[in-house]
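Biologist: I'm new to this one, so could you walk me through it?

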Amino acid sequence: MPTDFTQYITERVLLTGRPVGVSSPEYHIGFGIDAAYLRPVGVLIASLSMLHPDITLSFHVLTLRLCETDLSLLRALAHRHRIQITVYQLNAEAFASLPTNRYFSTAVYYRLLVPKVTPAKQVLYLDSDMLCLGNIRPLLDTALDGYTMAVVGDLPDMTRTKMSELQIPTYFNSGMQLINVAAWNREEISERAVALLRDDARKLPFLDQDALNLLQAGKALMLDRRWNYLFLESREPDKLQEALSQAILLHCVAYPKPWMAFYDSPPVQELYLSAEQHTPWAGMPLQKPTLPYDIRRYARMLWRHRHYAHSVAQYLRYKRIKIQRARNLSDLGLGSFQHLLPTGS
């Protein structure tokens with residue numbers, strides 16, 4: 001990744017609903033998304049704004065080119081919550097040579113630009129599949145003297161595995177990063193992370209997260225998990241209660257996500273939908289499943305919740321898609337290889 005980052009940004013769009021003359025301390029929060037995550041990032045921005053009416057928040061959204069409809073939605077969000085949102089439209093070709101895999105697209109690299117564009121001493125980077133449930137002012141005010149970043153450890157099993165694989169003393173989740181902008185840029189963290197991945201991405205399947213952990217091994221300030229509470233979809237009351245009582249930033253790391261119809265942690269989805277009511281996306285239907293595996297999962301979820309007719313309809317839809325898929329394979333002469341193909345594709 002070159003030092004001149006201007007080639008990565010094709011346009012800056014300032015969307016502001018902030019009153020003139022605001023003098024309170026300004027805090028900066030950044031996101032790196034593709035267009036599919038615009039809705040949840042809007043909900044996260046709303047949840048942050050509603051819980052912090054007494055501080056000045058500036059949001060930075062790094063993404064590929066958005067259409068005018070999407071920009072209008074963000075503009076309406078900025079006016080509704082009296083905040084400032086800067087959209088950085090990125091050059092897709094600049095990321096084309098960077099490694100990806102079946103789980104992660106080039107969108108994971110957009111976060112590496114956040115410290116390059118933010119005019120602040122510190123910036124908080126957040127993944128878009130989060131909800132703010134409490135006051136993050138203590139996090140925003142965390143002193144980073146002597147540290148490049150503050151982070152939270154990953155899930156215990158993941159942490160143990162990755163510490164062993166990478167031979168490092170700690171392992172953190174990169175979905176929340178409080179960044180010391182000057183230190184980050186002085187140490188060329190973005191450039192060095194990409195260089196590591198270009199050398200051999202096969203050894204770093206979690207891409208930027210693995211690279212950042214290697215670069216910051218044992219050096220990052222480790223914070224309490226409430227600042228990045230990694231939540232796996234669950235219907236178990238004890239796990240739900242623990243998550244909702246401890247988390248300040250709830251990170252829905254598992255698939256599916258709360259904005260999907262087949263997400264099955266109702267209390268978390270209700271929190272998501274409650275925040276969404278304060279955005280231009282209010283009332284938008286939940287995202288329906290399209291892949292066979294997800295449709296079957298949706299049918300089972302509906303059955304558990306005693307929506308029997310809807311469940312049967314979804315199961316029949318799943319079977320129709322599977323039958324059509326088998327016919328298509330047969331027409332291509334691939335029927336004998338069907339058992340080798342993934343069922344979720």
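Biologist: In what order do the strands of the open sheet come?

Modeller: Keep in mind that this is a predicted model. The open sheet is built from 8 strands, and the pairing is mixed. Strand S1 (9-16) and strand S9 (221-222) each have a single partner strand and stand at the edges, so one side of each is left without a neighbour in the sheet. Reading across, the order is S1-S4-S3-S2-S5-S8-S7-S9.

Biologist: Which residue in S9 is the bridge partner of Val151?

Modeller: Strand S7 covers residues 149-153 and runs parallel to S9, with 2 bridges joining them. In S9, Val151 has as its bridge partner Met222.

Biologist: How many residues of strand S8 are buried?

Modeller: Let's look at the neighbours of S8 before the count. S8 is joined to strand S5 (residues 122-126) by 5 bridges, and the two run antiparallel; Leu124 has Leu178 as its bridge partner there. S7 also pairs with S8 in the antiparallel sense, over 4 bridges, with Met149 partnered by Ile179. Strand S8 spans residues 172-180 and is largely enclosed by the rest of the structure, because the buried ones number 9 of the 9.

Biologist: Where does Gly30 sit, and is it buried or exposed?

Modeller: Gly30 belongs to strand S2, residues 26-32. Not counting residues up to four places away in sequence, Gly30 touches His60, Val114, Val123, Leu124, Tyr125 and Leu126. Its relative accessibility is 0%, so Gly30 counts as buried.

Biologist: How far apart in space are Gly30 and Thr86, C-alpha to C-alpha?

Modeller: Along the sequence, Gly30 and Thr86 are 56 residues apart. In space, C-alpha to C-alpha, the separation is 9.4 Å.

Biologist: Let's turn to charges. How many residues apart in sequence are the parts that the Glu11 and Arg65 pair ties together?

Modeller: A search of the whole structure turns up 18 salt bridges, and one of them joins the side chains of Glu11 and Arg65 at 3.3 Å, N to O. Glu11 lies in strand S1, while Arg65 is in the loop between strand S3 (56-64) and helix H2 (68-81), so the pair ties together parts separated in sequence by 54 residues.

Biologist: Which of those two residues counts as exposed?

Modeller: Glu11 has 34% relative accessibility and counts as partly exposed. At 54%, the residue that counts as exposed is Arg65.

Biologist: What distance separates the closest N and O atoms of Arg39 and Glu276?

Modeller: Arg39 and Glu276 form a salt bridge. This pair links distant parts of the chain, with Arg39 in helix H1 (residues 38-51) and Glu276 in helix H10 (residues 266-276), 237 residues apart. Arg39 and Glu276 are both buried. The closest N and O atoms are apart by 2.6 Å.

Biologist: Which residues are joined into one network with Arg111?

Modeller: Start with the salt bridge between Asp127 and Arg111, where the closest N and O atoms are 3.6 Å apart. Asp127 is buried, with a relative accessible area of 14%, and Arg111 counts as buried at 9% relative accessibility. Salt bridges that share partners put Arg111 in one network with Asp127 and Asp208.

Biologist: Which side chain of opposite charge is nearest to Asp294?

Modeller: Asp294 is in helix H11, residues 292-304. A polar contact of 2.5 Å joins the side chains of Asp294 and Tyr255. Asp294 is buried yet has no salt bridge, and at 5.5 Å the nearest side chain of opposite charge is Arg297.

Biologist: What about the nonpolar parts: how many residues does the largest nonpolar core have?

Modeller: Those with the most contacts inside this core are Phe31, Leu48, Ile85, Leu126, Ile136 and Met176. The largest share of the core, 6 residues, comes from H1. Ile136 touches several residues beyond four places away in sequence, including Ile29, Leu48 and Trp227. The largest nonpolar core has a residue count of 42.

Biologist: And how many residues are in the other core that lies apart from it?

Modeller: Among the residues of that other core are Tyr109, Val114, Met149 and Ile179. Met149 came up earlier as the bridge partner of Ile179. The number of residues in this other core is 37.

Technical notes: Residues numbered from 1 in each chain as written. Predicted model: local features only at pLDDT ≥ 70, side-chain atom pairs only at ≥ 80, totals over all residues. Heavy atoms only, no water. Pairing = 2+ DSSP bridges. Buried < 20%, exposed > 50% of the residue type's maximum accessible area, 1.4 Å probe, protein only. Salt bridge = Lys/Arg side-chain N within 4 Å of Asp/Glu carboxyl O. Core = buried A, V, L, I, M, F, W, Y, C linked by side-chain atoms within 4.5 Å. Contact = heavy atoms within 4.5 Å. Lys, Arg positive; Asp, Glu negative; His and termini not counted. Polar contact = N/O pair within 3.5 Å; in protein donor to acceptor, adjacent residues only side chain to side chain.
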